[in-house]
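Open the model in a viewer and keep the sequence panel beside it. The stops below are meant to be selected in order.

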Amino acid sequence: MTQFREAHAQLASAQKAQTGVSLYTRYVNRPLGRVLASVCFGLRMTPNQVTALSALATGAGLALLVSGEPSPLRAVGVTVLLILGFALDSADGQVARLTGRGSAAGEWLDHVVDAGKVVAVHAAILITAFRFWSVEPIWYLVPLAFQVVSVVTFVGGLLMALLLRRSAKETPTTPANGEGRARRPSRARAIALLPADYGILSLSFILTGWPGAFVVAYSLLLAANTLVMALLLGKWFRTLSARG
């Protein structure tokens with residue numbers, strides 16, 4: 001217990017910046033990941049093992065979703081597993097900080113698993129809708145479109161971080177116009193990003209026990225994610241263009 005408390009306190013004092021993340025990530029996923037990271041650290045798990053556990057939890061949730069008729073109990077199980085998988089995705093990096101065992105290979109594995117989740121979650125919805133739900137065939141385009149939006153946003157964000165990192169190495173001078181200075185996290189932005197947070201998508205699976213309600217909620221999330229994607233892509237492109 002002492003080891004858990006010490007690890008948890010150490011992580012609490014060295015969290016990532018809160019700028020650019022939604023309220024769910026800020027107040028739910030990262031704190032939950034901090035608890036799980038402290039537990040995993042006590043169990044002497046490596047960051048890669050935590051990443052694998054995250055993939056396992058998410059895979060188990062999606063397998064549960066596609067394996068049988070919808071019910072409230074199944075919906076709860078799916079939601080819990082997806083939320084756990086997402087929290088473990090936060091925990092692996094925190095375990096790396098605790099153990100000092102972060103690596104390029106570990107970061108690569110984390111992103112590969114994340115990419116797999118982005119594709120698999122919408123594929124599972126499509127399969128489940130085809131097998132068990134009474135929806136018009138044209139609705140099958142919704143999870144396919146959501147998959148495209150999610151992949152484009154995910155890859156766009158990764159490339160943005162990579163290119164900014166490379167740009168910072170090539171031009172290490174202090175940015176003009178206040179760029180690079182720490183910004184206070186915007187609550188309005190954190191709220192606006194909620195629909196695009198994987199955690200909110202995970203929570204929406206509680207409605208899969210009532211397919212009609214889930215279809216409406218999921219379709220609304222697609223619309224919101226499409227808007228967020230368009231805004232983010234425009235912002236990222238302008239930022240990179242300004243850097244030449």
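The tour goes from the whole chain to helix pairs and then to single residues.

**Whole chain**

Start with the full chain in cartoon view, bearing in mind that this is a predicted model. The chain holds nine helices and zero strands. Read from the N terminus, its elements run α-α-α-α-α-α-α-α-α. Colour by accessibility next: of the 244 residues, 38% count as buried. If contacts are drawn between residues at least 6 apart in sequence, 81% of them join residues at least 24 apart.

**Helix 4**

Select residues 72-99, which make up helix 4. This helix has 28 residues and reaches 40 Å from its first C-alpha to its last, close to the 40 Å expected at 1.5 Å a residue. Go to its start and pick Pro72, which is placed in helix 4. Pro72 counts as partly exposed, at 41% relative accessibility. Its C-alpha atom is separated by 7.5 Å from that of Ile206, although the two residues are 134 apart along the chain. Show the contacts of Pro72 as well: leaving aside neighbours within four places in sequence, Pro72 is in contact with Gly209 and Trp210. Then move to the other end, where Gly100, just after helix 4, takes a positive phi of about 70°.

**Helix 4 against helix 5**

Add residues 104-132, helix 5, to the selection. Two packed helices are described by the angle between their axes and the distance between the axes. Here the axes come within 11 Å and cross at roughly 165°. An angle over 145 degrees counts as roughly antiparallel, and helix 4 and helix 5 are therefore roughly antiparallel to each other. Their crossing is left-handed. Which residues of the two helices meet? Show side chains for Gly85, Asp89 and Asp92 in helix 4, and for Asp110, Asp114 and Lys117 in helix 5. By class, this contact has no nonpolar, one polar and five charged residues.

**Helix 3 against helix 5**

Keep helix 5 on screen and bring in helix 3, residues 47-66. These two helices pack at an angle of about 5°, with their axes 9 Å apart. That makes helix 3 roughly parallel to helix 5. By class, the contact has twelve nonpolar, six polar and three charged residues.

Within helix 3, select Thr51. Is this residue buried or exposed? Thr51 is buried, with a relative accessible area of 2%. Not counting residues up to four places away in sequence, Thr51 touches Asp92, Leu109, Asp110 and Val113. Two of these names, Asp92 and Asp110, were also on show where helix 4 and helix 5 meet.

**The loop before helix 3**

Step back to Arg44, in the loop between helix 2 (23-42) and helix 3. Arg44 has a positive phi of about 60° although it is not a glycine. Switch on the surface here: Arg44 is exposed, with a relative accessible area of 71%.

**Helix 9**

For the last stop, select residues 211-242, which form helix 9, and pick out Leu227. At 52% relative accessibility, Leu227 counts as exposed. Draw a distance from its C-alpha atom to that of Val149: the two atoms are separated by 9.7 Å, and the residues lie 78 apart along the chain.

Definitions and conventions. Residues are numbered from 1 along each chain as its sequence is written. This is a predicted model: local features need pLDDT of at least 70, side-chain atom pairs count only at pLDDT 80 or more; totals for chains, interfaces and linings use all residues. Side-chain values use heavy atoms; hydrogens and water are left out. Axes are lines fitted to C-alpha atoms, for helices over the stretch in contact, and angles run from 0 to 180 degrees between N-to-C directions. Helices (H or I, at least four residues) and strands (E, at least two) are DSSP runs, numbered from the N terminus. Angles under 35 degrees count as roughly parallel, over 145 as roughly antiparallel, 65 to 115 as roughly perpendicular and the rest as oblique. A crossing is left-handed if the near helix is turned anticlockwise from the far one by less than a right angle, and right-handed if clockwise. Contact means heavy atoms within 4.5 Å. Ala, Val, Leu, Ile, Met, Phe, Trp, Tyr, Cys and Pro count as nonpolar, Asp, Glu, Lys and Arg as charged, and the others, Gly among them, as polar. The expected span of a helix is 1.5 Å times one less than its number of residues. Buried means under 20% relative accessible area, exposed over 50%, partly exposed in between (1.4 Å probe, protein chains only).
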